[in-house]
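These are my notes from a first look through a structure that was new to me. I wrote them in the order in which I looked things up.

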Amino acid sequence: MGYRIVVAGATGNVGREMLNILAEREFPVDEIAVLASRRSLGTEVSFGDRTLKTQDLATFDFTGWDIALFAVGSGPTKEFAPKAAAAGCVVIDNSSLYRYDPDVPLIVPEVNADAVMGYSKKNIIANPNCSTAQMVVALKPLHDRAKIKRVVVSTYQSVSGSGKEGMDELWDQTKAVYNPVSEVPPKKYPKEIAFNVIPHIDVFMEDGSTKEEWKMVVETKKIIDPSIKLTATCVRVPVFVGHSEAINIEFEEFLDEDEARDILREAPGIMVIDKREDGGYVTPKECVGDFATFISRIRQDSTIDNGLNLWCVSDNLRKGAALNAVQIAEVLGQRCLKKG
């Protein structure tokens with residue numbers, strides 16, 4: 001006996017990836033419904049070897065469905081997630097709406113799977129921000145060994161983190177560089193993204209940080225440990241898929257780079273590719289389509305007593321969004337719902 005699964009936002013990048021991953025991981029699905037907004041109604045999407053037609057999110061009855069994977073943004077989530085939850089369907093939400101709600105677990109299964117037991121307070125579980133998800137997978141096993149005091153992270157985030165509009169803008173602007181008669185002014189981004197980097201993701205806050213940077217701070221504290229100090233600079237780069245992060249970590253006690261490498265090799269969800277030679281590291285292009293979070297460039301930071309540097313790369317549409325949501329569904333099923 002399997003699950004009755006709903007994917008809301010099934011025509012978007014993340015929704016389509018959720019369907020791919022449900023099929024790839026052979027999630028025990030008895031029945032599946034794919035939902036979209038009215039303007040995408042009837043659009044066909046793939047699920048394994050099947051083709052499914054989207055139904056209207058606004059009129060869908062969630063009664064009798066087990067799990068709903070939401071990839072529709074905060075506005076529609078605010079309207080429809082409580083309706084699904086009230087109908088007895090557990091919502092796993094990819095938007096930022098519920099991440100900071102103390103009654104909603106914020107989960108990365110490799111890091112804090114036990115938190116899933118708190119889902120019943122609202123029948124909702126939150127998926128973290130894409131840049132946070134891959135980082136905490138790397139931080140948690142090191143924190144368990146030497147306790148992290150402070151993290152300084154700079155991100156190099158792909159345009160797919162902005163959805164289809166961001167990917168289209170990079171594509172169109174790149175073509176325009178080679179065709180001087182056409183011009184593609186910025187729409188999705190405040191400046192041209194082609195052959196450029198933009199140190200600005202989400203809105204600016206009063207202290208000069210952006211909302212994306214704030215998210216990384218608050219979510220890391222909620223997922224791992226509220227005592228961790230973290231500062232982030234989030235940058236959009238002209239890469240289609242795959243987020244990269246340069247992470248500097250200060251520990252309470254000394255952790256040798258070789259031991260750190262061994263710890264990360266044994267940690268769930270991580271692949272260490274770290275050779276001190278040309279090409280002995282992973283780039284975002286190489287991680288596309290993979291489930292793992294890749295770690296490279298592990299080395300001591302000689303400027304502080306207990307410091308390490310590392311390079312962290314992951315497919316943001318997978319671990320940063322769709323894969324993490326499906327992994328949460330797997331944990332929810334195994335520990336709480338117990339079907340399949």
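**Entry 1, a hairpin and its sheet.** I began with strand β13 (residues 293–301) and strand β14 (residues 307–314), which pair in the antiparallel sense over seven bridges. I should say at once that I am reading a predicted model. The two strands, β13 and β14, form a hairpin with five residues between them, and when I looked up the bridge partner of Ile-295 in β14, I found Cys-312. On following β13 to β12, I noted three bridges joining the two strands, which run parallel here, and I saw that Met-271 stands opposite Phe-294 in β13.

In what order do the strands of this open sheet of six lie? I read the order as β10-β9-β11-β14-β13-β12, and the pairing is mixed. The edge strands are β10 (229–236) and β12 (270–272), each of which pairs on one side only. From one strand to the next, the twist averages 25°.

**Entry 2, the helices on that sheet.** Next I looked for what covers these strands, and I found that α4 lies across β9 (148–157), β10, β11 (243–251), β12, β13 and β14, running at about 25° to β11. Helix α6 (residues 211–223) also packs on the sheet, where it touches β9, β10 and β11, and its direction makes about 140° with that of β10.

**Entry 3, a closer look at α4.** Helix α4 (residues 130–146) has 17 residues, and I noted that it reaches 25 Å from its first C-alpha to its last, close to the 24 Å expected at 1.5 Å a residue. There is nevertheless a kink of about 30° in α4, centred on Val-136. After the helix comes Lys-147, whose phi is positive, near 55°.

Why did I write that α4 is largely enclosed by the rest of the structure? I did so because 15 of the 17 residues of α4 are buried. I then picked out Lys-140, which lies in helix α4, and asked whether it is buried or exposed. Its relative accessibility is 19%, and since the cut-off for buried is under 20%, Lys-140 counts as buried. Leaving aside neighbours within four places in sequence, I found Lys-140 in contact with Val-111 and Ile-224.

**Entry 4, the nonpolar cores.** In soluble globular proteins, nonpolar side chains tend to be buried together, and with that in mind I looked up the cores. The largest nonpolar core has 57 residues, of which Phe-62, Leu-142, Val-151, Ile-247, Ile-249, Ile-295 and Leu-310 touch the most other members. It is α4 that gives the most to this core, with eight residues.

I followed Val-151 outward and, not counting residues up to four places away in sequence, listed some of the residues that it touches, among them Met-135, Leu-139, Ile-228, Leu-230, Ile-247 and Ile-249. A second, separate core of 42 residues includes Leu-22, Tyr-119, Ala-321 and Val-326.

**Entry 5, the parallel sheet.** I then turned to another open sheet of six strands, which has parallel pairing and the order β5-β2-β1-β6-β7-β8. Its edges are β5 (55–56) and β8 (124–126), and as each has a single partner strand, one side of each is left without a neighbour in the sheet. At the β5 edge, strand β2 (residues 29–36) pairs with β5 in the parallel sense over two bridges, and the bridge partner of Ala-36 in β5 is Asp-56.

Helix α1 (residues 13–24) packs on this sheet and touches β1 (3–8), β2 and β6 (67–70), with its direction at about 155° to that of β1. Helix α9 (residues 318–337) packs on the sheet as well, touching β1, β6, β7 (90–93) and β8, and its direction makes about 160° with that of β6.

**Entry 6, helix α2.** My last entry concerns α2 (residues 74–86), whose 13 residues should span 18 Å at 1.5 Å a residue, and its end C-alpha atoms are indeed 18 Å apart. I found a kink of about 35° at Phe-80 in α2, shortly before the proline Pro-82. Which residues of α2 are buried? They are Thr-77, Phe-80, Ala-81, Ala-84 and Ala-85, and the buried residues of α2 pack against β6, β7 and β8. Just after α2, Gly-88 takes a positive phi of about 95°.

Notes. Residues are numbered from 1 along each chain as its sequence is written. This is a predicted model: local features need pLDDT of at least 70, side-chain atom pairs count only at pLDDT 80 or more; totals for chains, interfaces and linings use all residues. Side-chain values use heavy atoms; hydrogens and water are left out. Two strands pair if DSSP finds at least two bridges between them. Contact means heavy atoms within 4.5 Å. Axes are lines fitted to C-alpha atoms, for helices over the stretch in contact, and angles run from 0 to 180 degrees between N-to-C directions. The expected span of a helix is 1.5 Å times one less than its number of residues. The bend at a residue is the angle between axes fitted to the seven residues ending there and the seven starting there. Buried means under 20% relative accessible area, exposed over 50%, partly exposed in between (1.4 Å probe, protein chains only). A nonpolar core is a set of buried Ala, Val, Leu, Ile, Met, Phe, Trp, Tyr and Cys residues joined through side-chain atoms within 4.5 Å.
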